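Visitor: I should like to learn how to read the features of a structural model. May we work through one together?

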Amino acid sequence: MAYAIRTFGDPVLKSQAAPVTDINGKVARLVDDMFVTLHESDSGLALAAPQIGVQKQIVVWDIDDEKHTIINPQIIESDGEWVYSEGCLSIPELYVDIMRPDRVLVRGLDLDGNEIEFEVNELMGRMFQHEIDHLNGVLMFDRMSPEQRKLALTEWRKMQESPEPGQSRHVPLP
Ligand code: ZN
């Protein structure tokens, strides 16, 4: 079953998700539904549970038709710097150049409760940072300078006031 993706302004996106304490059948079904929801979106690479209104620390992603899940993920280490034009299913059609660490070491659990670890950079590093932010109630807007946030919010409001399908907006680094 596909869930509705919550969008910017929904308070659920600003709250802290709880760790999963019991990886049971309910969690497995939720993960299945997260993939259905992700696959119904046009542009999504990954999805965090709060984006469908569930305050649990679960992230799914799909690369080359392979489904991946991480539960209770934590960033253990990060270094470097990389600017990338980030998008978010909860802030549709807005792409913003954001500087973040390039490389991250992420640790969490798989659906069997085994510890898993990823050391990744560039796009994958960005994906983990963005999705783990969602688990902590942090959105792209919170990763911008005040100046850039103002520009991005102006673009976002323009799109809400006069939506034109298929038209995306890009906010560079100031
Ligand atoms: Zn997002």
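Visitor: Which element gives the most to the lining of the largest cavity?

Guide: Rolling a probe the size of a water molecule over the atoms shows where empty space is left. In this predicted model, H2 gives the most to the lining of the largest cavity, namely 3 residues. The lining consists of Cys 88, Arg 100, His 130, Asp 133, His 134, Val 138, Leu 139 and Met 140. The volume of this cavity is about 30 Å³, and a search of the whole structure finds 1 cavity of 30 Å³ or more.

Visitor: Which residues are the protein donors of the zinc ion?

Guide: One reads a metal site from the donor atoms and then from their places along the chain. Here the protein donors are Cys 88 through SG, and His 130 and His 134 through NE2, lying 2.0 to 2.2 Å from the zinc ion. Along the chain their spacing is C-x41-H-x3-H. Cys 88 in strand S4 (residues 82-88) and His 130 in helix H2 (residues 122-135) are 42 residues apart, and this pair links distant parts of the chain. Are they buried or exposed? Both Cys 88 and His 130 are buried.

Visitor: How many residues line the largest pocket?

Guide: A pocket is read from its volume and its lining. The largest pocket holds about 500 Å³ of space and is lined by 24 residues. Those nearest its centre are Ser 43, Gly 44, Gly 87, Cys 88 and Leu 89. At least two residues of the lining come from each of S4, S5 and H2. Cys 88 is thus named both in this pocket lining and as a donor of the zinc ion.

Visitor: How should one read a helix, and which residues of H3 are buried?

Guide: One compares the span with the expected value, then asks where the buried residues point. H3 (residues 146-161) has 16 residues and reaches 22 Å from first to last C-alpha, close to the 22 Å expected at 1.5 Å a residue. Its buried residues are Gln 148, Ala 152, Leu 153, Glu 155, Trp 156 and Met 159. They are on the same side of H3 because they cover an arc of only 160° around the axis. On the other side, Pro 146, Glu 147, Lys 150 and Glu 161 are exposed. The buried residues of H3 pack against strand S5 (91-100) and strand S8 (169-171).

Visitor: What do the buried residues of H1 pack against?

Guide: They pack against strand S1 (46-48), strand S2 (58-63) and strand S3 (66-79). The buried residues of H1 are Val 27, Leu 30, Val 31, Asp 33, Met 34, Phe 35, Thr 37 and Leu 38. H1 (residues 25-40) has 16 residues and reaches 23 Å between its end C-alpha atoms, close to the 22 Å expected.

Visitor: Where is Gln 55 found?

Guide: A loop residue is read from its exposure and its contacts. Gln 55 is found in the loop between S1 and S2, and is partly exposed at 22% relative accessible area. Leaving aside neighbours within four places in sequence, Gln 55 is in contact with Val 12, Ser 15, Gln 16, Ala 17, Ala 18 and Pro 50. Gln 55 and His 134 are 79 residues apart in sequence and 9.9 Å apart in space, C-alpha to C-alpha.

Visitor: Where does Asp 64 lie?

Guide: Asp 64 lies in the loop between S2 and S3, as does Asp 65. Neither is a glycine, yet phi is positive, about 50° for Asp 64 and about 60° for Asp 65. Asp 64 counts as exposed at 73% relative accessibility, and Asp 65 is exposed at 75%.

Notes. Residues are numbered from 1 along each chain as its sequence is written. This is a predicted model: local features need pLDDT of at least 70, side-chain atom pairs count only at pLDDT 80 or more; totals for chains, interfaces and linings use all residues. Side-chain values use heavy atoms; hydrogens and water are left out. Donors are N, O and S atoms within 2.8 Å of the metal (3.2 Å for Na, K and Ca); water is not among the atoms, so sites may look incomplete. Helices (H or I, at least four residues) and strands (E, at least two) are DSSP runs, numbered from the N terminus. Buried means under 20% relative accessible area, exposed over 50%, partly exposed in between (1.4 Å probe, protein chains only). The expected span of a helix is 1.5 Å times one less than its number of residues. The arc is that of the directions from the helix axis to the C-beta atoms. Contact means heavy atoms within 4.5 Å. On a 1 Å grid over the protein atoms alone, a cavity is a set of points where a 1.4 Å probe fits but cannot get out, and a pocket is an open set with protein on both sides within 12 Å along at least five of seven lines; lining residues have an atom within 4 Å of a point. Grid points are joined across faces, edges and corners, and a volume is the space filled by probe spheres set on the points.
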